[in-house]
Amino acid sequence: SNVVSTDQIGKFPDANVGDALKRIPSITVFYDQGEARFASIRGSAPQLNSVQINGERIPSAEAEARTVQLDLIPSDMIQTIEVNKVLTADMDADAIGGSVNLITRAPSGGQRISVTAGGGYNDLRGKATSNVAAVLGNRFLDGRLGVVVSGSYHNNNFGSDNSEGEWGEDGGQF
């Protein structure tokens, strides 16, 4: 098992959970359009892993697939990432590769205000990129009620330069 806390996640410029997972040993990620989308645990296919939020299994955003798109979950909203690389007796037996449990932020003992901002420039596209995240948390009613509000905005102007070869007939020759 590997456990990564919010302090460690915050040290890296990872915009989503897929990017944060690639820093854990024996985890590789599959990229789609430059974003770390699916996780592979110990070389197993991503559809053989399970992804949970606070211990509850989450489905894929695609109807035909079992894989969970990890680039849809902002890393700023996660407090801890728990990766189990093998099944244990207390786990469902439907994830041969392992499981990823994402623990969301919880209110601390006092007021918490955190704002993160970043930006850059994509020279290939000629456009700016930006990333803004905010976390507000506090406890009320003598500590019995805790509230955390978190939001993030990530604008990455990326694109594809796709060139494909095409065979054609030239005087009977290919």
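This report describes the pockets and the strand pairing of a predicted model.

## Largest pocket

The largest pocket encloses about 570 Å³ of space. Its lining is made up of 34 residues, of which Phe12, Pro13, Asp14, Ala15 and Asn131 lie closest to the centre of the pocket. By residue class, the lining of this largest pocket comprises 10 nonpolar, 15 polar and 9 charged residues.

Three elements, α1 (6–10), β8 (112–122) and β9 (127–140), each contribute at least two residues to the lining of the largest pocket. Among the contributors, β8 gives the most, with 8 residues.

## Second largest pocket

The second largest pocket has a volume of about 190 Å³. It is lined by 14 residues, and those closest to its centre are Ser50, Gln52, Met91, Asp92 and Ser99.

Strands β4 (49–53), β6 (78–84) and β7 (98–104) each provide at least two residues of the lining of the second largest pocket. In terms of residue class, the lining of the second largest pocket consists of 3 nonpolar, 6 polar and 5 charged residues.

## Three-stranded sheet

Two of the elements that line the largest pocket, β8 and β9, also belong to an open sheet of 3 strands. The order in this sheet is β8-β9-β10, and the pairing is antiparallel. Strands β8 and β10 (145–155) occupy the edges and have a single partner strand each, so one side of each is left without a neighbour in the sheet. From one strand to the next, the twist averages 5°.

In general, the strands of a sheet pair through backbone hydrogen bonds, in either a parallel or an antiparallel manner. Here, the antiparallel strands β8 and β9 are joined by 11 bridges. One of the paired positions involves Ile113, whose bridge partner in β9 is Leu136.

## Hairpin of β2 and β3

A further antiparallel pairing links strand β2 (residues 27–32) with strand β3 (residues 35–41) over 6 bridges. Within this pairing, Ile27 stands opposite Ile41 in β3.

Strands β2 and β3 form a hairpin with 2 residues between the strands. In this hairpin, Gln33 adopts a positive phi near 55°.

## Summary of the elements

Strand β8 appears in two contexts: it gives the most residues to the lining of the largest pocket, and it stands at an edge of the sheet. Strand β9 likewise supplies at least two residues of that lining and is joined to β8 by 11 bridges. The lining of the second largest pocket draws at least two residues from each of β4, β6 and β7.

Key. Residues are numbered from 1 along each chain as its sequence is written. This is a predicted model: local features need pLDDT of at least 70, side-chain atom pairs count only at pLDDT 80 or more; totals for chains, interfaces and linings use all residues. Side-chain values use heavy atoms; hydrogens and water are left out. On a 1 Å grid over the protein atoms alone, a cavity is a set of points where a 1.4 Å probe fits but cannot get out, and a pocket is an open set with protein on both sides within 12 Å along at least five of seven lines; lining residues have an atom within 4 Å of a point. Grid points are joined across faces, edges and corners, and a volume is the space filled by probe spheres set on the points. Helices (H or I, at least four residues) and strands (E, at least two) are DSSP runs, numbered from the N terminus. Ala, Val, Leu, Ile, Met, Phe, Trp, Tyr, Cys and Pro count as nonpolar, Asp, Glu, Lys and Arg as charged, and the others, Gly among them, as polar. Two strands pair if DSSP finds at least two bridges between them. Axes are lines fitted to C-alpha atoms, for helices over the stretch in contact, and angles run from 0 to 180 degrees between N-to-C directions.
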